[in-house]
Amino acid sequence: MPLNIPFDTTYLSLPARFYSKLDADPVSAPHLIVFNYTLAAKLGLDTSEMSDEDAANLFSGNDIPSNATPFAQVYAGHQFGGFSPELGDGRALHLGELTTPTGRVDIQLKGSGPTPYSRNGDGRAWVGPVLREYLMSCAMHALDIPTTQALAVVKTGDFIGREQGRLPGAILTRIASSHIRVGTFQYFAAQRDVDALKLLTNYTIDRHYPDAKDPLQLFEMVMQKHATLIAKWMSVGFIHGVMNTDNVAVAAETIDYGPCAFMDSYHPDTVFSSIDRQGRYAYSNQGPITHWNLAQFATSLVQVMPDTNKAIEDFTTRLNNFPNMFDYEWAKAFAPKLGLPQNDVTTELAKGLLAQMANASADFTNTFSALDKTSATYPDWHAEWRAAKPDDALWRNTNPSVIPRTHKIEQVITSATDGNFAPFHAMLAALQHPFTPNAGYSLPPKESEKIHQTFCGT
Ligand code: AMP
Ligand code: MG
């Protein structure tokens with residue numbers, strides 16, 4: 001029986017210039033690859049009567065429920081520093097919103113066909129990036145880092161053209177607190193559409209930050225949540241890869257997994273995206289670039305304030321506090337990794353270890369998960385660390401052993417492209433238990449397995 005989703009979509013109460021309503025573009029032969037039953041249960045969905053075929057039809061967009069009004073959202077964004085005034089969901093379709101036991105969420109299909117915002121794109125996605133996003137977001141969730149979550153993957157039965165050749169198409173269904181981006185604000189700010197900005201600001205406050213009394217407080221709360229989020233990314237060696245303002249969710253969840261990766265060998269300058277030639281989104285630049293992205297958010301919000309000069313002053317004061325806020329969150333995220341309380345001594349110890357790891361090209365994840373072994377590699381550091389009397393249970397329980405390593409994901413994708421999804425399911429199972437050592441997934445890549453960048457051809 002088709003799944004009954006009680007859609008309750010508030011975004012459509014905003015004016016028509018916020019989105020385009022449209023139908024999904026059918027696919028040839030939808031086939032369900034994976035469904036996240038755990039997540040469905042948390043969303044309060046009853047899947048007991050849903051067959052794989054029902055799921056494939058629904059989550060390919062072939063069988064849109066009669067109570068859904070699908071739409072694509074419009075937004076803008078700074079891409080690698082340059083402003084694009086109109087982007088929008090070029091290959092995504094919102095089925096709608098759902099009120100769940102833990103709050104309101106969006107349900108979105110990604111790769112569902114062209115929209116008015118597709119520009120020259122085909123509106124599609126292929127199996128590779130879809131499985132990468134599924135694995136990455138599941139890993140993030142298992143690590144307790146705010147993220148959009150994957151609900152389903154459907155293979156479409158169609159092939160799509162990419163620089164690597166003709167590849168099997170797929171559609172990812174994802175769940176997000178919302179898809180409101182910094183770029184959504186920028187879209188209306190660029191048009192000086194103050195009415196729309198006010199509506200969007202109030203909508204965002206109601207939906208995500210009900211305690212914010214005004215746009216300035218909204219900004220402070222968004223800033224705080226981002227400082228925490230990015231510090232958490234840093235603490236697991238995660239590199240988002242494309243922190244354009246259209247990929248920055250105002251709800252401060254990790255969103256739009258493109259050419260992202262968890263680092264193997266540690267170096268602060270590590271970059272994965274093949275088009276990030278300047279290192280704008282390098283590992284260690286993620287704090288500073290978030291500051292920059294938040295400045296774009298502040299610039300948009302200034303327009304809704306009654307007194308522009310005062311607003312610029314107020315937002316600037318808040319924004320100037322971001323580096324301190326981020327340093328604090330960074331220290332808070334790294335202290336338990338050493339099994340120590342957060343203080344200046346611990347922060348220096350963490351930085352000292354990272355500096356030696358960079359020199360040694362040490363594996364980020366495995367160095368932290370086996371800190372006791374640093375007596376051989378970094379004896380002086382190890383002595384200092386022991387002298388600080390760390391809580392051994394704390395660091396052991398804080399540092400994961402299993403992260404989605406790029407070379408393992410590439411192996412999964414290679415198999416899946418040939419129609420074998422067994423490695424995907426095996427890796428997914430391992431990622432659910434990041435603190436359980438698992439030889440199949442904990443080893444860094446051999447020289448021949450190393451992948452230095454992931455491609456944007458998504
Ligand atoms: P991304 O870098 O994946 O966040 O995408 C940036 C923009 O390009 C967004 O507006 C996407 O919707 C759009 N886009 C990416 N891939 C495609 C595609 N295959 N077809 C149409 N639009 C796309
Ligand atoms: Mg995006």
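**Exercise 1.** Is Leu14 buried or exposed, and at what relative accessibility?

*Solution.* The structure is a predicted model, in which local features need pLDDT of at least 70 and side-chain atom pairs count only at pLDDT 80 or more, while totals for chains, interfaces and linings use all residues. Residues are numbered from 1 along each chain as its sequence is written, chains are lettered from A and ligands numbered from 1 in the order in which they are written, and side-chain values use heavy atoms, with hydrogens and water left out. The criterion comes next: buried means under 20% relative accessible area, exposed over 50%, and partly exposed in between, with a 1.4 Å probe and protein chains only. Leu14 has a relative accessibility of 7% and therefore counts as buried. Leu14 is found in the segment before strand S1 (19-21), where strands are DSSP runs of E with at least two residues and helices are runs of H or I with at least four, numbered from the N terminus.

**Exercise 2.** Compare the expected span of helix H7 with the distance between its end C-alpha atoms, and state how many of its residues are buried.

*Solution.* The expected span of a helix is 1.5 Å times one less than its number of residues. For the 17 residues of H7 (residues 286-302) this gives 24 Å, which agrees with the 24 Å between the end C-alpha atoms. Of these 17 residues, 13 are buried, so H7 is largely enclosed by the rest of the structure.

**Exercise 3.** Identify the protein donors of the magnesium ion (ligand 2) and classify their burial.

*Solution.* Donors are N, O and S atoms within 2.8 Å of the metal (3.2 Å for Na, K and Ca), and because water is not among the atoms, sites may look incomplete. The protein donors are Asn247, through OD1, and Asp256, through OD, lying 2.0 to 2.1 Å from the ion. Asn247 is buried at a relative accessible area of 13%, and Asp256 is buried at 12%.

**Exercise 4.** Describe the polar contacts that Arg119, Gly123 and Asn247 make with ligand 1.

*Solution.* A polar contact with the ligand is a pair of N or O atoms within 3.5 Å. An N or O atom in the side chain of Arg119 is 3.0 Å from an oxygen atom of ligand 1. A polar backbone atom of Gly123 is 2.8 Å from a nitrogen atom of the ligand, and a polar side-chain atom of Asn247 lies 2.9 Å from a ligand oxygen atom.

Methods: Polar contact = N/O pair within 3.5 Å; in protein donor to acceptor, adjacent residues only side chain to side chain.
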